[in-house]
Amino acid sequence: MTCPASSPGGQRLSPGDTGSYFCYDNPAALQTQIQRDMQVNTTKFMLLYAWYSWPNVVLCFLGGFLIDRVFGIRWGTIIFTCFVCIGQVVFALGGIFNAFWLMEVGRFVFGIGGESLAVAQNTYAVSWFKGKELNLVFGLQLSMARIGSTVNMNLMGWLYSKFEASLGSAGPTTLGVTLLIGGVTCILSLISALALAYLDQRAERILHKEQGKTGEVIKLTDIKDFSLPLWLIFIICVCYYVVVFPFIGLGKVFFIQKFGFSSQEASAINSVVYVISAPMSPLFGFMVDKTGKNIIWVLCAVATTLVSHMMLAFTMWNPWIAMCLLGLSYSLLACALWPMVAYLVPEHQLGTAYGFMQSIQNLGLAIISIIAGIILDTRGYLVLEVFFIGCVSLALLSVVLLYLVNHARGGNLNYSTRQREEMKFSHTE
């Protein structure tokens, strides 16, 4: 089992998703410029991430339904990619017209498309590769998405300085034009979506292949049947991802202020989590597939993340060490945590369980993004890091509880792959 799709928090996997991933972290790559040119504090700046997450508190439940019952996979992918494109253009126009509220509207529209696009394009992957090279395909898709994130982190600041030189000054117009050029990647995603629709329709005609469906059946009444281990997994998911994505969103200025890095150096180190996860996610996915023991791997990932945040908060050690640890642990956690849901709920409840997990993850990201901005404006980076350490400590406590509850109930979450195969064999007899 591979790392399933999710929000920015989990793994958003898709062939045309590189553009969406590139633009998702545009604010992080241009934090200094946005705050200066739009004259906003960190709290308002972090609203650009919160507005992305708010629609997905609800849309995580609706994405699969819309693809299966309303649009179909091909039109669904095209429509959601259009939302991403429109959102990015509106975001850029907010800069050009010096209207921060318009930038917020753009991020909201972008969010409507971004997460549902991930669901649509995973459906493509499953319909084309199920039972064959699905793990490899998911790994390659994730790597492509991460390349988009990495290029964004290292390109946008440089692009801004070039436009600043050619336009003669910094300011909202320079910012807007830079974001508009960044939006070209979303146009490439739309072209990919159209090409994919054509190829899928051609395959249906020639191979008599059915159009892909998500297979998700969302029933909110299923939530009352969720077990204690599943709720603990939800808590781990929220408490873990809120210390990764909001930190990356604010990381560039942190590295400039605390470690005296140049803007380009700060962008490079801030993108290292994505650089590492591009090659490591498929490898870790393969490793977890071969070994099992999911809870132990999650424990290792959360503990390593705690160590990396403590290093960033309390030491002046070279931050490359801490960020490399964070990149490794982030990649490992995704491959070990998300598949555990499938061991706890029957197949007909998987859509509800994953939808709910993504929903509360987005709720957590939206709320913590705002809190992180407020802490940074009033207390500074040290208190923010202590807050993140508190969140990841809560995740660690939840992993330990999950281990104990699973052990006490004789659960299979920490089985080795061999034990799982033996159990499956004994069930089929």
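## A tour of an all-helix chain, starting at H10 and H11

The crossing of helices H10 and H11 is right-handed, and this is a good place to begin in what is a predicted model. Select residues 245-259 for H10 and residues 263-270 for H11, and you will find that their axes come within 8 Å and cross at roughly 140°. Because angles over 145 degrees would be needed for roughly antiparallel, H10 and H11 are classed as oblique to each other. To see the contact itself, show the side chains of Ile248, Gly251, Lys252, Phe255 and Ile256 on H10, together with Ser263, Ala266, Ser267, Ile269 and Asn270 on H11. Sorted by class, this contact of H10 with H11 comprises 5 nonpolar, 4 polar and 1 charged residues.

Next, select residues 42-96, which form helix H4, and residues 350-378, which form helix H16; these two pack at an angle of about 165°, with their axes 8 Å apart. Since that angle is over 145 degrees, H4 and H16 are roughly antiparallel to each other. The crossing of H4 and H16 is left-handed, and their contact has 16 nonpolar, 11 polar and 1 charged residues.

Now turn to two single residues, beginning with Tyr241, which lies in helix H9, residues 228-241. Is Tyr241 buried or exposed? With a relative accessibility of 0%, Tyr241 counts as buried, the cut-off for that class being under 20%. If you also select Leu333, which is 92 residues away along the chain, you will find the two C-alpha atoms separated by 9.9 Å.

For the second residue, move to helix H17, residues 381-408, where Leu397 has its place. Leu397 has a relative accessibility of 51% and therefore counts as exposed, the limit for that class being over 50%. Add Leu299 to the selection: Leu397 and Leu299 are 98 residues apart in sequence, while their C-alpha atoms are 9.5 Å apart in space.

Finally, select the whole protein chain, which has 18 helices and 0 strands. Of its 429 residues, 59% are buried. The chain exposes about 17200 Å², and carbon and sulfur atoms supply 69% of that area. Among the contacts in the chain with a separation of 6 or more, 80% are between residues 24 or more positions apart.

Terms used
Residues numbered from 1 in each chain as written. Predicted model: local features only at pLDDT ≥ 70, side-chain atom pairs only at ≥ 80, totals over all residues. Heavy atoms only, no water. Axes fitted to C-alpha atoms, helices over the stretch in contact; angles between N-to-C directions. Helix = DSSP H or I, 4+ residues; strand = E, 2+ residues; numbered from the N terminus. Parallel < 35°, antiparallel > 145°, perpendicular 65-115°, else oblique. Left-handed = near helix turned anticlockwise from the far one by under 90°. Nonpolar A, V, L, I, M, F, W, Y, C, P; charged D, E, K, R; others polar. Buried < 20%, exposed > 50% of the residue type's maximum accessible area, 1.4 Å probe, protein only. Contact = heavy atoms within 4.5 Å. Areas by Shrake-Rupley, 256 points an atom, 1.4 Å probe, with all protein chains shown as cover.
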